[in-house]
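User: I have a structure open and would like to understand the labels attached to it. Could you walk me through the reasoning behind them?
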Amino acid sequence: MSKEIHEDMLWQQIEQEVMTEHEEGLLEQEIFSYSRIGLHADDDRDEILHEIMEQRFRERCVWIVKNVMIKVG
């Protein structure tokens, strides 16, 4: 599987997780924490959700790379 396909699948998984957690009200504290960087919890909610998705994506990509390096190294 190519890196691009893997990353796309990972993004879709994260997007679904974040939207589900948002619908269940599980992200409110995290959403409101974005006010410290000037985003409004209601007015900028779509942007905040996207930021949460990007952060999770970066974290999981780092985790994958570390685990591959451990197995290879």
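User: Let's begin with the rings. How many aromatic pairs does the count come to?

Analyst: Happy to help! Please keep in mind that this is a predicted model. The count comes to 1 aromatic pair. The partners are Trp 11 and Phe 57.

User: What makes Trp 11 and Phe 57 an aromatic pair, and why is the pair called edge-to-face?

Analyst: Two values decide that. The ring centres of Trp 11 and Phe 57 are 5.8 Å apart, and the cut-off for a pair is 6.5 Å, so the two rings qualify. Their planes make an angle of 70°; an angle over 60 degrees counts as edge-to-face, which is why this label applies.

User: Which parts of the chain does the pair of Trp 11 and Phe 57 tie together?

Analyst: Trp 11 sits in helix H1 (residues 3-23) and Phe 57 in helix H3 (residues 45-72), so the pair ties together parts that are 46 residues apart in sequence.

User: Why does Phe 57 count as buried?

Analyst: Phe 57 has a relative accessibility of 17%. Buried means under 20%, so Phe 57 earns the label. Across the chain, buried residues make up 22% of the 73 residues.

User: What is the overall pattern of the chain, read along the sequence?

Analyst: The pattern is α-α-α, with 3 helices and 0 strands.

User: How confident is the predictor, and which element has the lowest mean pLDDT?

Analyst: The mean pLDDT of the chain is 89, with 85% of the residues at 70 or more. Among the elements, H3 has the lowest mean pLDDT, 83, while helix H2 (residues 28-33) has the highest, 96.

User: Now for the charged side chains. How many salt bridges does the count come to?

Analyst: There are 4 salt bridges by this rule. One of them joins Arg 60 and Glu 17.

User: What makes Arg 60 and Glu 17 a salt bridge?

Analyst: Their closest N and O atoms are 2.6 Å apart. The cut-off is 4 Å between a side-chain nitrogen of Lys or Arg and a carboxyl oxygen of Asp or Glu, so this pair qualifies. The bridge links distant parts of the chain, with Arg 60 in helix H3 and Glu 17 in helix H1, 43 residues apart.

User: Why is Arg 60 called partly exposed?

Analyst: Arg 60 has a relative accessibility of 26%. Partly exposed covers the range between the 20% and 50% cut-offs, so Arg 60 belongs there. Glu 17, at 24%, counts as partly exposed too.

User: How do you know that Glu 21 and Arg 56 form a salt bridge?

Analyst: Their side chains meet at 2.7 Å, N to O, and the limit is 4 Å, so the pair counts. Glu 21 lies in helix H1 and Arg 56 in helix H3, so this bridge ties together parts that are 35 residues apart in sequence.

User: Is Arg 56 buried or exposed, and why?

Analyst: Arg 56 is buried: its relative accessible area is 15%, and buried means under 20%. Its partner Glu 21 is partly exposed, at 22%. Leaving aside neighbours within four places in sequence, Arg 56 is in contact with Ile 14, Glu 17, Val 18, Glu 21, Leu 27 and Glu 30.

User: What makes Arg 45 and Glu 28 a salt bridge?

Analyst: The N to O distance is 2.8 Å, set against a limit of 4 Å, so Arg 45 and Glu 28 pass. Arg 45 lies in helix H3 and Glu 28 in helix H2, so the pair ties together parts that are 17 residues apart in sequence. Arg 45 is buried at 15%, whereas Glu 28 is partly exposed at 28%. Both residues belong to a network of salt bridges with Asp 42.

User: Finally, which residues touch the most other members of the largest nonpolar core?

Analyst: They are Ile 14, Val 18, Ile 31, Ile 48, Leu 49 and Ile 52, out of 13 residues in this core. H1 and H3 are the elements that give two or more residues to the core, and the largest share, 5 residues, comes from H3. Not counting residues up to four places away in sequence, Ile 31 touches His 22, Ala 41, Arg 45, Ile 48, Leu 49 and Ile 52.

Terms used. Residues numbered from 1 in each chain as written. Predicted model: local features only at pLDDT ≥ 70, side-chain atom pairs only at ≥ 80, totals over all residues. Heavy atoms only, no water. Phe/Tyr/Trp six-rings, centres within 6.5 Å; stacked < 30°, edge-to-face > 60°. Helix = DSSP H or I, 4+ residues; strand = E, 2+ residues; numbered from the N terminus. Buried < 20%, exposed > 50% of the residue type's maximum accessible area, 1.4 Å probe, protein only. Core = buried A, V, L, I, M, F, W, Y, C linked by side-chain atoms within 4.5 Å. Contact = heavy atoms within 4.5 Å. pLDDT = per-residue confidence, 0-100.
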